[in-house]
Amino acid sequence: MSTTERVREILSWYGSDSPGTLNNLARLLGHGRLGGSGHLVILPVDQGFEHGPARSFAGNPPAYDPRYHFQLAVEAGCNAYAAPLGLIEAGAREFAGQVPLILKLNNKDSLLEEKDPTQAQTASVKDALRLGCAAIGFTIYPGSTERFAMYERIRALAEEAKAYGLAVVIWSYPRGSGLDKAGETAIDVCGYAAQIAAQLGAHVIKVKLPTAQIAQEAARKVYEKEKVPIESLADRVRHVVQCAFNGRRIVIFSGGPSETDDKILAEVRGIRDGGGFGSIIGRNSFQRKKADALKLLDTIMKIYAGQIA
Amino acid sequence: MSTTERVREILSWYGSDSPGTLNNLARLLGHGRLGGSGHLVILPVDQGFEHGPARSFAGNPPAYDPRYHFQLAVEAGCNAYAAPLGLIEAGAREFAGQVPLILKLNNKDSLLEEKDPTQAQTASVKDALRLGCAAIGFTIYPGSTERFAMYERIRALAEEAKAYGLAVVIWSYPRGSGLDKAGETAIDVCGYAAQIAAQLGAHVIKVKLPTAQIAQEAARKVYEKEKVPIESLADRVRHVVQCAFNGRRIVIFSGGPSETDDKILAEVRGIRDGGGFGSIIGRNSFQRKKADALKLLDTIMKIYAGQIA
Amino acid sequence: MSTTERVREILSWYGSDSPGTLNNLARLLGHGRLGGSGHLVILPVDQGFEHGPARSFAGNPPAYDPRYHFQLAVEAGCNAYAAPLGLIEAGAREFAGQVPLILKLNNKDSLLEEKDPTQAQTASVKDALRLGCAAIGFTIYPGSTERFAMYERIRALAEEAKAYGLAVVIWSYPRGSGLDKAGETAIDVCGYAAQIAAQLGAHVIKVKLPTAQIAQEAARKVYEKEKVPIESLADRVRHVVQCAFNGRRIVIFSGGPSETDDKILAEVRGIRDGGGFGSIIGRNSFQRKKADALKLLDTIMKIYAGQIA
Amino acid sequence: MSTTERVREILSWYGSDSPGTLNNLARLLGHGRLGGSGHLVILPVDQGFEHGPARSFAGNPPAYDPRYHFQLAVEAGCNAYAAPLGLIEAGAREFAGQVPLILKLNNKDSLLEEKDPTQAQTASVKDALRLGCAAIGFTIYPGSTERFAMYERIRALAEEAKAYGLAVVIWSYPRGSGLDKAGETAIDVCGYAAQIAAQLGAHVIKVKLPTAQIAQEAARKVYEKEKVPIESLADRVRHVVQCAFNGRRIVIFSGGPSETDDKILAEVRGIRDGGGFGSIIGRNSFQRKKADALKLLDTIMKIYAGQIA
Amino acid sequence: MSTTERVREILSWYGSDSPGTLNNLARLLGHGRLGGSGHLVILPVDQGFEHGPARSFAGNPPAYDPRYHFQLAVEAGCNAYAAPLGLIEAGAREFAGQVPLILKLNNKDSLLEEKDPTQAQTASVKDALRLGCAAIGFTIYPGSTERFAMYERIRALAEEAKAYGLAVVIWSYPRGSGLDKAGETAIDVCGYAAQIAAQLGAHVIKVKLPTAQIAQEAARKVYEKEKVPIESLADRVRHVVQCAFNGRRIVIFSGGPSETDDKILAEVRGIRDGGGFGSIIGRNSFQRKKADALKLLDTIMKIYAGQIA
């Protein structure tokens, strides 16, 4: 684990957090191939819960095994591995000390889809401690009629987590009757989602890559009047990072379902060039053969490390 | 911090509160350029959460940075700075001791607008203590079907806050299916909103500036019969202050979105002349260049201080 | 309250404390005539409890009245006033916001003198909060067979105080069967007492002024071998401050029973010249006429402020 | 119940207490024949527990009946009746609302006498609430090696009582190996005992009538040097009242075992003339026939009321 | 941090511990220059509390500064830094993530020496969490009449620490009326001390280097009959390690006050050759100039790493 000047700079933004929480942030920032660079690549695997096992793993059957994902995160040199309770419990002893863990405290399945979705709390802060995790993870759905219950739940869980020196990662995914499909990734909505997570006290914020669309009329006027640059992906990433306390919170971006590798790598370049802190790459990692995944992750990390353009 | 005769007079109204709460009220009343005068100018910044970051800060990009607002409140000599958890956490260490803080314990975003709005609790009384705040802040929406849940929440939080010696600030904003847009700022409704906040045990009450409209028929009869003076702004401010225990609770007034400076200053004169205690000025402070904001706040404070007419 | 660069430097030493605790340290450091200078003069009045009322107040009967001491601290411009529960309760409402308070959580009377003394807990952390205090105070007696119970009590109280954002002041007074009378103020013992308080997590440490004696044989060898300078009072103060984390904890010094003013002022100069942070002056303040006390405190503050040699 | 200007003045001394506690103090001060005068005559009956029933009641057998004492307090027009749990439980329903009650929370029996006595907690704050008491009572023995445990117990009980709006009465009786028999009532010791009770947060302090003796050498020097007047009983009462925050705490005095009525009345005159707040008269009330007791109490109250010299 | 096969083997011994505790053991085993080797060199600095500041630091004055020790541990590449609350608090934010921390939960001062010593609890498990520590440390004195209170305290603290995923380090130092000075380091006593710590649930056990003496007659018979090899230091280390569950607990050894470097290095070789897990080196590290300390620690680590004989 290397605590570089850049890591110390990032830690300095979290002045209201305890040294315990800083230590766990330092673990996330210091581990893996990008350790110390201020960039992060995190492996998240909650699709088994969220989308169902066959949709998630049938294309690469070894991924049905919980140990596969720990191993993948270790071999690829990811900064952390994030998953729900069951998956973490299934490997935490065997892989103790090998990769920082983020315990996802809430999850949703898709056997029933609701217009205004919510999630169920499926693990506790105490679970995160007994399993040796560096952080808790939590998903909110701004735009859903259920959002306030989610904000209140993470508020309470974050307060508890911080009291015990854990870090807090919020997945901020706009969704629900307040938004249409395109609106979920509109630049104004992504920026707003990042701001909400920051206001709720997140240390690390995960949002989707924004499009150049603007969903809210009240926002459109401002973007146009102030000529906020949102044309290139890098522009939009830069804006979302700005929306998270002017870059003083760690913002990472998720990809979506599998696309071409070229598209994925272009996105990573956009994140890097826009000052994003990194990627959280699930389906594009574990839904292909391990060798292919390692190759893709290797390239992604090289991009973040500035080893390739 | 100056605890003048006027401050002691104001503190004497809060006979059921502990010395701890009086001490924190004295911090609010004693700090800044208006310290000791009994007037307050407070900087509130929750628009990032409530309206979204771009709508809030794109017109003055330095304001994306949480430290900007602490600095603005300090430089302008405001009595206090009020904000949600994330913003307060992002500066509380660096600016410890430099300006009294009010932690907003609930917030609402505007990705989804509901006819009968409510807010989510986004911070706790314990957070206020660990962050060194002098008061908690809380918004209620009288007129919404959700109002009673809000009243009950602030009741419990205020009880806890008072037990720990904190002060309680209630933003009382009529809204919801019980009112049309004009009704939200009608004089009878504003006075009623102030009364509800006072009845809920608020030490400081924040309402919107009232218009001369009367929204409730049952109220109209009384206003007309008793010839309650509501013609001038000063009249209406005087009436709202009267509605808050005949002036024995601190009532401050908020502006709205950016208007001309002349209009803002005219409002401040109306508040002063009507016996209002001060202003809470958000968007008109941080949505313009800092030098311009400092100039406006300087003029406002001079009006309250009686240094200019 | 002025939060100067020096105050910010001092606050930077307390990296494991919450912004709430820093805010309360800033209140102590920022209040009064020495506010912002990094020096403190504190008025402590626990002699009524510790020595009895007549011995404490008969020489200056107005001092029987609890309000007298609040008033004295305010008029003199002290940084803080420290006293047991009863005295604080008797003035906290009337003087709310006028001077930072330190609630002494334990006390001892002298109707019974024991060879290995202890103290009784006479107030709680919650009392400190409801009374609006900036800090708790606690006395330990290193050298007494009862010391460990005292260390354990303050450990628990300090943990609770810090969780609520209060500061912690420890009176570290060596006493008991491990020491003879001269040993209680020996330089090695005073330095050790400061170290123990620092290790127990004190933010502010109060010790007695050390003599040039060395009480412990094991220590004498080191002082002699390393030629630790302890000849002048300034040398000894410098050493005690060094013993408290090399000056990274606030160390203040107490006087004893009434001496000549010249001797008191010479001591203050020694504290200042040795890099001590200030004085806690009880009997020499309230056991003389108020005008005389104000004059003495004025001179003392001028010495610390560098206004007179 | 009359809340006179004098009562309001007395209540004003308790600025850190809640209105609930003030209300209960007002009940004590406002009830009975002396109600509103600022003087109190309280009937205490704990001798059955402390000295044994026959020693207490055999001389006036109706006093074996718990109802006797309620009835006596009501008929005599006492301000309050104070007793242990059992006695209060035995009459609280029947006499509900007829006389303010003080529940003694600790007691000692005399089947075993110890050099350093303590007491057992025999009732709780919750008991006081369910029994409708206005105050809790508690005995401390300054001078006993057990004193600190007693101080810590009443500290915790007083904190709880105040949180529930009860008043706190402390019986401060110096006793134990730190004192000889004469020392227990020496003027310096009585004054010190009053101070300790005040520092522990008592609202009402009960001490024994002091003699002109001085027990502590360190105190003697001061009494002599400052020429503290202690010759007459009134002088000594005045001094003890001064020792209790310069008269800003209610101090009442107890008699001892039965003496001549003339002596008792002379003592009452001394208390009155010295500015004492009243008497607590047990054995001289209930150890004589009721008619005689009523006559004596009538005379005492007339003295306090200024109706006779 | 490297989790090698050897580290995984060591972790496999702790089958009843949670993955959280294994993760923290992995942090200790994986950090620093010896990270992954299964050997540890730990820097402990509690002498300021235990022996007094001048005796501890006057020989190397920069060591008065709490940051010095963090820096030394980082520069030397130690596996961990162990210290009491005050020292850890004074550097935990600045050095967050740079070296695993062990919070010493109990301490003793030497202003009073008792024949049967104990220690005071000076920090809590919650402190360890908020400060980001990997383990708690605790000292027991087998042989003291106070030992059982110490065993019971660490039992409760260890239970709590394990519930939160922390590791437990026990300093097992025989001392007290059950032993003479020589007996404290007798081989039978050292082995017994290691066993007691293991039985109390320690993950890491720290003992003193044993001499060839046998202190207990009952033990002597067995050592002689079974011809337990205890002649060489390596023999004795091997025996102590055997006494700690046949090597299935991590046992590390402490040096004493400054000796010659040759002697220290010979001891390290003995520890290595006897299968000891490492050294905890306090006074020989921080009581010399930093450059000298780094040189000594470098040589020690090379011996453990097998880079020099």
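This briefing walks through two chain interfaces, the symmetry relations behind them, and a few individual residues. The model is predicted, so please read every value below as computed from that model. Chain A meets chain E across about 2,300 Å² of buried area, and chain A meets chain B across about 3,400 Å². The first pair is related as by a two-fold axis, the second as by a five-fold axis.

**Chain A with chain E**

- The contact brings together 28 residues of chain A and 28 residues of chain E.
- Of the area buried between chain A and chain E, about 2,300 Å², carbon and sulfur atoms give 53%.
- Three residues stand out here: Pro19(A), Arg93(A) and Tyr164(A) account for 25% of what chain A buries against chain E, more than any other three residues.
- Salt bridges between chain A and chain E number zero, while 15 residue pairs are in polar contact across this interface.
- On the chain A side, helices α1 (5-11), α2 (19-30) and α7 (125-130) each supply at least two residues.
- The most comes from α2(A), which gives six residues to the side of chain A that touches chain E.
- Sorted by class, this side of chain A has twelve nonpolar, nine polar and seven charged residues.

**How chain A and chain E are related**

- Chain A can be superposed on chain E by a rotation of 179° with 0.0 Å of shift along the axis, giving an RMSD of 0.1 Å.
- That rotation and shift are the relation of a two-fold axis.
- Both copies use the same surface, as 100% of the contact residues of chain A recur in chain E.

**Chain A with chain B**

- Here 39 residues from chain A and 45 residues from chain B take part in the contact.
- Carbon and sulfur atoms carry 57% of the roughly stated burial, about 3,400 Å², between chain A and chain B.
- Four salt bridges are found across the interface of chain A and chain B.
- In a salt bridge between Glu152(A) and Arg153(B), the side chains meet at 3.0 Å, N to O.
- Polar contacts join 18 residue pairs across the interface of chain A and chain B.
- The chain A side draws at least two residues from each of α8 (147-163), α9 (187-199), α10 (217-225) and α11 (233-243).
- The side of chain A that touches chain B divides into 16 nonpolar, 15 polar and eight charged residues.

**How chain A and chain B are related**

- A turn of 71° and a shift of 0.7 Å along the axis lay chain A on chain B, with an RMSD of 0.1 Å.
- This is the relation of a five-fold axis.
- Within chain A, the C-alpha nearest that axis belongs to Ala149(A), at 11 Å.

**Two residues with positive phi**

- As background, most residues other than glycine have a negative phi.
- Asn246(A) is not a glycine, yet its phi is positive, near 55°.
- Asn246(A) sits in the loop between α11 and β9 (250-254) of chain A, and it is partly exposed because its relative accessibility is 32%.
- Lys227(E), also not a glycine, has a positive phi of about 50°.
- Lys227(E) lies in the loop between α10 (217-225) and α11 (233-243) of chain E, and with a relative accessible area of 68% it counts as exposed.

**A buried serine in chain B**

- Ser254(B) belongs to strand β9 (residues 250-254) of chain B.
- Ser254(B) counts as buried because its relative accessible area is 7%, which is under the 20% cut-off.
- The side chain of Ser254(B) makes a polar contact of 3.4 Å with that of Tyr173(B).
- Beyond residues up to four places away in sequence, Ser254(B) touches Tyr173(B), Lys206(B), Val207(B), Lys208(B), Leu209(B) and Ile280(B).

**A loop glycine in chain C**

- Gly32(C) is placed in the loop between α2 (19-30) and β1 (40-44) of chain C.
- With a relative accessible area of 35%, Gly32(C) is partly exposed.
- Setting aside neighbours within four places in sequence, Gly32(C) contacts Gly77(C) and Cys78(C).
- Gly32(C) and Asp262(C) are separated by 230 residues in sequence and by 24 Å in space, C-alpha to C-alpha.

How values were computed. Residues numbered from 1 in each chain as written. Chains lettered and ligands numbered in written order. Predicted model: local features only at pLDDT ≥ 70, side-chain atom pairs only at ≥ 80, totals over all residues. Heavy atoms only, no water. Helix = DSSP H or I, 4+ residues; strand = E, 2+ residues; numbered from the N terminus. Buried < 20%, exposed > 50% of the residue type's maximum accessible area, 1.4 Å probe, protein only. Polar contact = N/O pair within 3.5 Å; in protein donor to acceptor, adjacent residues only side chain to side chain. Contact = heavy atoms within 4.5 Å. Buried area = accessible area lost by both parts, 1.4 Å probe. Nonpolar A, V, L, I, M, F, W, Y, C, P; charged D, E, K, R; others polar. Least-squares fit on C-alpha atoms with pLDDT ≥ 70 in both.
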